Amino acid sequence: MKKTLWQNLKLCAGGDPRDTLDDAALAVSDGQIVWQGALRELPATYADPSIWPRENLEGAWVTPGLIDCHTHLVYGGQRADEFAQRLDGVSYEALAQAGGGIVSTVRATRAADETALFASAALRLEALLAEGVSAIEIKSGYGLDLACERKLLRVARALGERYPVSVYTTFLGAHTVPPEFSGRTDAYLDEVCERMLPTLADEGLIDAVDVFCERVGFSLKQSERVFEAAQRRNLRVKIHAEQLSNSGGAKLAARYRALSADHLEYLDEEGVAAMKAASTVAVLLPGAYYFIRETQLPPLELLRRYEVPLALATDSNPGTSPVTSLLLILNLASTLFRMTVPEVLQGVTCHAAQALGQAGRHGILAPGRSADFAVWQVESLAELAYWIGRPLCTQVVRAGQTVYRRHRHAHFSAHRSDQEHE
Ligand code: DI6
Ligand code: FE
């Protein structure tokens, strides 16, 4: 049984910077936390270094491993040229009509094999892991036929086997209508609800089911078909709701006890109340809000008043949120949505775990739980939302083992001034 006493650390066990411990210690045995608290109160059981060798964290902050609870991480290609065209004034609609948008990523994804999809997603995942992410949700949704949706979900599972991260898959076959079903949305939903979802659920590839409920996506009635199909397989649901308009998607999702409703810029009080009653988590996605230059803010005051848990995520996708930094999301949520430091830190720890139905496993450090934590070289936890683009995570520990350590391997050779050359 491997035993370690992690000490000389500042502990934020629940992701709330208002509840921390200076000079704390964590006793970890066989990957599980068996004791945590102030070092001065360390029980004698853990005091013998010959049985409990020390790991000294030099006064660093320790939080639960971060959780990115909404990503579209696995896909082919990228849409930088489309981005450039939009900067030249070409509209979304014109791009979509010209075969751009989600459909262009669907084409690139269908053309890519699992090896290529794994390789491109791995680069994005590694960037997130280097920022202390230890659990992540990965949606399908760029395949839009059985074989390719299976390919995406298999790659997502493979990433969780290869990397020190817990992967939770979400089937998003109802992301958009593929070209071969253009104008035949309900026929496509037959394929999604009666063939793709049951087949992939039977193959153990689906942990939850999602739908893009939006004017440009699926209607309330169509979204409800997807939820009914998920319910028939005892699968929890999520929804992309009220991103560009108020379709009432969050209220519908609450009727199905959705784990989360995501985006929510156009959410109204009726939707907020329904989410509260159903314990549905509000997952806010400031990366998409920022990148598509949305102007409608999510109803933070209403969500706070009803005490709906607030989670945050990258929504990492090639079209509306090409983001591979969860720390950037903390800054955007603070700066653009005016969320507080306690809100944003809980948004990527305990509330993000709730949005995945994994509150018992991730998002909080406590005795009896796996020792999954991130180590931060900061003086204040507010720095996690404050700095933009600065590497702050120095070590990641999973089940008591260090799985990532940042080395200052960047080397800058001395440069002699021009005068010295003369
Ligand atoms: N909402 C979004 O913002 C993305 N999907 C969704 O349901 C857009 C995905 C893309 O443009 O590739
Ligand atoms: Fe999304």
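Which helices each supply at least two residues of the lining of the largest pocket? Keep that in mind as you open this predicted model; the tour starts at the pocket itself.

**Stop 1: the largest pocket**

Select α2 (92–97) and α3 (102–111), and you have the answer: each of these gives at least two residues to the lining of the largest pocket. The top contributor is α2, with 5 residues. The pocket has a volume of about 850 Å³. Its lining counts 31 residues, and the ones closest to the centre are Y92, I102, F212, V216 and L244. Show those five as sticks to find the middle of the pocket. Then try colouring the lining by class: you should get 10 nonpolar, 14 polar and 7 charged residues.

**Stop 2: the second largest pocket**

Keep α2 and α3 selected and add α1 (80–87), since each of the three supplies at least two residues to the lining of the second largest pocket. Here the volume is about 200 Å³. To centre your view, pick R79, E82, Q85, G100 and S104, which lie nearest the centre among the 15 lining residues. By class, this lining divides into 4 nonpolar, 8 polar and 3 charged residues.

**Stop 3: the iron site**

Now select ligand 2, the iron ion, together with H70, H72, H240 and D315. Each histidine donates through NE2 and the aspartate through OD, at 2.1 to 2.3 Å from the iron ion. Along the sequence, these donors follow the spacing H-x1-H-x167-H-x74-D. Colour by secondary structure and you will find H240 in strand β9 (residues 236–241), while D315 sits in the loop between β12 (310–312) and α12 (326–335); the pair therefore ties together parts that are 75 residues apart in sequence.

Are H240 and D315 buried or exposed? H240 has 3% relative accessibility, so it counts as buried. D315 is buried as well, with a relative accessible area of 1%.

If you turn on angle labels, the 4 donor atoms around the iron ion subtend 83 to 169 degrees, and the arrangement is therefore irregular.

**Stop 4: aromatic pairs**

Next, look at the rings. The count comes to 10 aromatic pairs. Start with F118 and Y163: their ring centres are 6.4 Å apart and their planes meet at 25 degrees, so this pair is stacked. It also links distant parts of the chain, with F118 in helix α4 (residues 114–129) and Y163 in the loop between α5 (146–162) and β7 (166–174), 45 residues apart. The two partners differ in exposure: F118 is partly exposed at 22% relative accessibility, whereas Y163 is buried at 11%.

Move on to F181 and Y188, an aromatic pair that is tilted, with 5.4 Å centre to centre and 55 degrees between the planes. Both of these residues are buried. Before leaving the rings, select W35, Y46 and W52, which form one aromatic cluster.

**Stop 5: the cavity**

How many cavities of 30 Å³ or more are there? The count is 1, and its volume is about 80 Å³. Select R361, H362, G363, I364 and D372 to reach it: of the 13 lining residues, these are the closest to its centre. Colour this lining by class too, and it shows 5 nonpolar, 5 polar and 3 charged residues.

Conventions: Residues are numbered from 1 along each chain as its sequence is written. Chains are lettered from A and ligands numbered from 1 in the order in which they are written. This is a predicted model: local features need pLDDT of at least 70, side-chain atom pairs count only at pLDDT 80 or more; totals for chains, interfaces and linings use all residues. Side-chain values use heavy atoms; hydrogens and water are left out. On a 1 Å grid over the protein atoms alone, a cavity is a set of points where a 1.4 Å probe fits but cannot get out, and a pocket is an open set with protein on both sides within 12 Å along at least five of seven lines; lining residues have an atom within 4 Å of a point. Grid points are joined across faces, edges and corners, and a volume is the space filled by probe spheres set on the points. Ala, Val, Leu, Ile, Met, Phe, Trp, Tyr, Cys and Pro count as nonpolar, Asp, Glu, Lys and Arg as charged, and the others, Gly among them, as polar. Donors are N, O and S atoms within 2.8 Å of the metal (3.2 Å for Na, K and Ca); water is not among the atoms, so sites may look incomplete. Four donors count as tetrahedral if all angles lie between 85 and 135 degrees; four count as square planar and six as octahedral if opposite donors are over 155 degrees apart and all others between 65 and 115; anything else is irregular. Helices (H or I, at least four residues) and strands (E, at least two) are DSSP runs, numbered from the N terminus. Buried means under 20% relative accessible area, exposed over 50%, partly exposed in between (1.4 Å probe, protein chains only). Rings of Phe, Tyr and Trp (its six-membered ring) pair if their centres lie within 6.5 Å; planes under 30 degrees apart count as stacked, over 60 as edge-to-face and the rest as tilted.
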